[in-house]
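Work through the exercises below with the structure open. Each task is followed by a solution in steps.

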Amino acid sequence: MDLTKQEQAMLDGKEGHAFRKSMEILVALGNIYGAERLIKVGSVQVAGVSYHNLGDAGLEFLNELAKDGKVKVLTTLNPAGMDLENWRALGISEDFAAKQNQVIEAFERMGMLVSCTCTPYLIGNLPRYGEHIAWSESSAVTFANSVLGAKTNREGGPSALAAAFVGKTPCYGLHLDENRMPEVHVKVKVDLTKLSDWGALGYAIGKKAENKIAYITGIKEADVDELKSFCASVVTYGAKPLFYMQGITPASETVNAPADHVTIEQSDIKNAYDNINDQVSDIDFVCVGCPHCSIKEIGEIADLIKSKKVAENTEFWVATSRSAKQLADKRGYSQVIEAAGGKFACDTCMAVAPLKGRFKALATTSAKGCFYSRQNLMKTKMGSLEECIDAAVTGKWNS
Ligand code: F3S
């Protein structure tokens with residue numbers, strides 16, 4: 001790879017340990033993927049924030065970097081393993097909280113914004129069309145590439161950290177226009193009537209697109225909440241973190257549909273629900289906000305749960321960013337949800353909190369949430385927000 005004088009100096013250790021380590025990571029990655037140079041990035045989004053995933057080895061790695069490393073660009077964090085303020089209410093242990101706080105302190109010393117959300121584009125880390133960025137979280141990477149038209153590979157934890165310190169990333173993969181061309185035309189012939197249908201559609205396309213870039217036609221309209229749900233699902237279930245949606249995403253005007261095509265029928269949506277939903281009726285955990293809830297979604301939850309009560313043996317979590325929660329406080333939504341017995345899970349989510357073995361059966365609106373909750377040994381049910389609120393107040397899946 002061609003390096004500038006400054007990049008070479010960093011690699012030689014002239015700017016300290018964190019920059020040398022970062023350059024070693026970026027050069028190794030660039031050499032593996034045949035990048036000719038590093039390119040500047042407008043922002044970085046770092047995953048691997050939960051102590052549950054990092055463990056002591058990860059914490060030690062971060063503390064080492066934090067000794068002399070400061071980020072050069074706007075850098076936001078993915079969800080942590082707990083609500084950073086209200087962790088006791090979510091049943092997190094003192095020991096876990098102490099370790100998670102050490103992780104967050106290391107990130108703060110590096111100059112990162114402790115945003116702890118997978119929807120950075122809703123809280124101020126919003127790349128422009130065509131901007132190169134280095135993001136990690138798969139749903140956010142897919143949203144940035146496909147909906148916003150920014151350009152990013154799906155970074156691993158260390159490569160995102162390295163990009164944050166250097167302010168650059170190797171130019172390969174989805175940073176190059178020739179690698180961003182659609183590879184399969186997906187003709188959608190279904191009606192989508194509720195939020196979870198977008199997760200089911202993502203499942204169906206993820207399976208049929210088989211790690212290809214999809215050019216999707218047949219979608220009449222989509223709002224940001226539906227698109228973020230779709231982005232989370234389609235990449236979880238197998239597609240590349242980039243798609244074009246004709247008439248919906250701006251970049252779809254710049255490319256043509258490929259000849260190779262697949263069709264999504266109503267039977268594919270039914271098949272998605274059949275695969276995601278287990279045979280279970282008692283629900284002890286309801287969690288919405290995967291990806292993190294927008295303020296609009298929190299308002300919808302408040303409307304639905306007003307004057308109801310969460311069932312005694314069921315927990316109901318609303319996962320969101322702290323910024324969205326602050327807006328919800330001002331608007332009175334939080335008070336309504338908490339009066340009903342719901343809990344806010346700010347800064348965290350059902351996949352990265354230490355939940356293995358704690359709950360038996362989850363109800364959610366999210367296909368991605370079901371995927372990760374099965375790894376946490378839960379049975380799963382996916383349905384509309386109305387069905388999830390009903391499960392929260394009855395402790396049963398009644399559909
Ligand atoms: Fe976000 Fe966690 Fe879902 S990171 S996309 S809420 S699994």
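**Exercise 1. Find which elements line the largest pocket, and describe the lining.**

Step 1. Four elements, α3 (51–66), α5 (138–148), β10 and α13, each give at least two residues to the lining of the largest pocket. Helices (H or I, at least four residues) and strands (E, at least two) are DSSP runs, numbered from the N terminus. The model is predicted: local features need pLDDT of at least 70, side-chain atom pairs count only at pLDDT 80 or more, and totals for chains, interfaces and linings use all residues. Residues are numbered from 1 along each chain as its sequence is written, and side-chain values use heavy atoms, with hydrogens and water left out.

Step 2. The lining has 28 residues, and N78, E137, A351, V352 and Y372 lie nearest the centre of the pocket. On a 1 Å grid over the protein atoms alone, a pocket is an open set of points with protein on both sides within 12 Å along at least five of seven lines, a cavity is a set where a 1.4 Å probe fits but cannot get out, and lining residues have an atom within 4 Å of a point.

Step 3. The volume of the largest pocket is about 500 Å³. A volume is the space filled by probe spheres set on the points, with grid points joined across faces, edges and corners.

Step 4. By class, the pocket lining holds 12 nonpolar, 13 polar and 3 charged residues. Ala, Val, Leu, Ile, Met, Phe, Trp, Tyr, Cys and Pro count as nonpolar, Asp, Glu, Lys and Arg as charged, and the others, Gly among them, as polar.

**Exercise 2. Describe the largest cavity.**

Step 1. There is 1 cavity of 30 Å³ or more, and the largest cavity has a volume of about 30 Å³.

Step 2. Its lining includes A18, F61 and F165. Two or more lining residues come from each of α2 (17–33), α3 and α6 (157–166).

Step 3. The cavity lining divides into 8 nonpolar, 1 polar and 1 charged residues.

**Exercise 3. Place strand β13 among its neighbours.**

Step 1. Strand β13 covers residues 361–364; A361 and A363 point one way, L362 and T364 the other, and all are buried. Buried means under 20% relative accessible area, exposed over 50%, and partly exposed in between (1.4 Å probe, protein chains only). In a regular strand, side chains alternate between the two faces of the sheet.

Step 2. Strand β10 (residues 285–293) runs parallel to β13 and is joined to it by 2 bridges; F285 stands opposite L362. Two strands pair if DSSP finds at least two bridges between them.

Step 3. Strand β14 (residues 379–382) pairs with β13 in the parallel sense over 4 bridges, and here L362 stands opposite T380.

Step 4. With helix α13 (residues 367–375) in the middle, β13 and β14 make a right-handed β-α-β unit. Right-handed means that, with the strands pointing away from the viewer, the path from the first strand over the helix to the second runs clockwise.

**Exercise 4. How many disulfides are there, and where does C346 stand?**

Step 1. The whole structure has 0 disulfides, a disulfide being a pair of cysteine sulfur atoms within 2.5 Å.

Step 2. C346 is in no disulfide, and the nearest cysteine sulfur, that of C293, is 10 Å away.

Step 3. C346 counts as buried because its relative accessibility is 1%.
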